[in-house]
Amino acid sequence: MLTSVDTDLLRVLADPLRLRIVTLLAEETLCTTHLIEETGARQTNLSNHLKVLREAGVVETEPCGRFTYYRLRPDVIASLAGQFADLAKTARTTAENNVKRSCP
């Protein structure tokens, strides 16, 4: 069964800086200061990207004193990976069965 891939989430992750942030957060929980050091992005730019990731449900926050730590939500990434796995399975079945639409 063909499932559609979450295009909104793909748009969120398509940005190179956001993808870099997600990659870093897959390895460890980081605060904004760490992310600025790792990415070289300006604080305001980074904060805007983190807001987009938060609103999309990709990351969650953890306040710690005057800092905010960010953590990747692996279930969201796993869900997207599952959607791609389903798409690949459908494509494989289509190729194996030589499914094609006839031309008029």
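1. A good place to begin is the surface of this predicted model, where Leu 10, Phe 84 and Leu 87 together make a nonpolar patch of about 220 Å². One of these residues, Phe 84, sits in helix H5, which covers residues 74-96, and Phe 84 is partly exposed, with a relative accessible area of 39%.

2. Helix H5 itself is built from 23 residues, and the distance from its first C-alpha to its last is 32 Å, which is close to the 33 Å expected at 1.5 Å a residue. Its buried residues are Val 76, Leu 80 and Gln 83, and what covers them includes helix H1. After the helix comes Asn 98, a residue whose phi is positive, near 50 degrees.

3. Helix H4 runs over residues 43-55, and its 13 residues reach 18 Å from the first C-alpha to the last, close to the 18 Å expected at 1.5 Å a residue. This helix is followed by Gly 57, and the phi of Gly 57 is positive, near 80 degrees.

4. Which residues of H4 are buried? They are Leu 46, His 49, Leu 50 and Leu 53, and, when one looks down the axis of H4, these buried residues fall within an arc of 100 degrees, so they line one face of the helix. As a general point, an α-helix has 3.6 residues a turn, so residues three or four places apart point the same way.

5. The surroundings of that buried set are worth tracing in the structure, since the buried residues of H4 pack against helices H1 (7-14), H2 (16-27) and H3 (32-39), and also against strands E2 (59-64) and E3 (67-72). On the face of H4 turned away from its buried side, by contrast, are the exposed residues Thr 44 and Glu 55.

6. Is His 49, a residue of helix H4, buried or exposed? With a relative accessibility of 10%, His 49 counts as buried, because the cut-off for that class is under 20%. If its neighbours within four places in sequence are left aside, His 49 is in contact with Asp 15, Leu 17, Arg 18 and Ile 21.

7. Asn 45 also belongs to helix H4, but at 35% relative accessibility this residue counts as partly exposed. Between Asn 45 and Leu 19 there are 14 Å in space, taken from C-alpha to C-alpha, and the two residues lie 26 residues apart in sequence.

How values were computed
Residues are numbered from 1 along each chain as its sequence is written. This is a predicted model: local features need pLDDT of at least 70, side-chain atom pairs count only at pLDDT 80 or more; totals for chains, interfaces and linings use all residues. Side-chain values use heavy atoms; hydrogens and water are left out. Helices (H or I, at least four residues) and strands (E, at least two) are DSSP runs, numbered from the N terminus. The expected span of a helix is 1.5 Å times one less than its number of residues. Buried means under 20% relative accessible area, exposed over 50%, partly exposed in between (1.4 Å probe, protein chains only). The arc is that of the directions from the helix axis to the C-beta atoms. Contact means heavy atoms within 4.5 Å. Patches are made of residues with over 30% relative accessible area and no salt bridge: like charges are joined within 9 Å, nonpolar side chains (Val, Leu, Ile, Met, Phe, Trp, Tyr) within 5 Å. Accessible areas come from the Shrake-Rupley method with a 1.4 Å probe; for residues, only the protein chains shown count as cover. A salt bridge is a side-chain nitrogen of Lys or Arg within 4 Å of a carboxyl oxygen of Asp or Glu.
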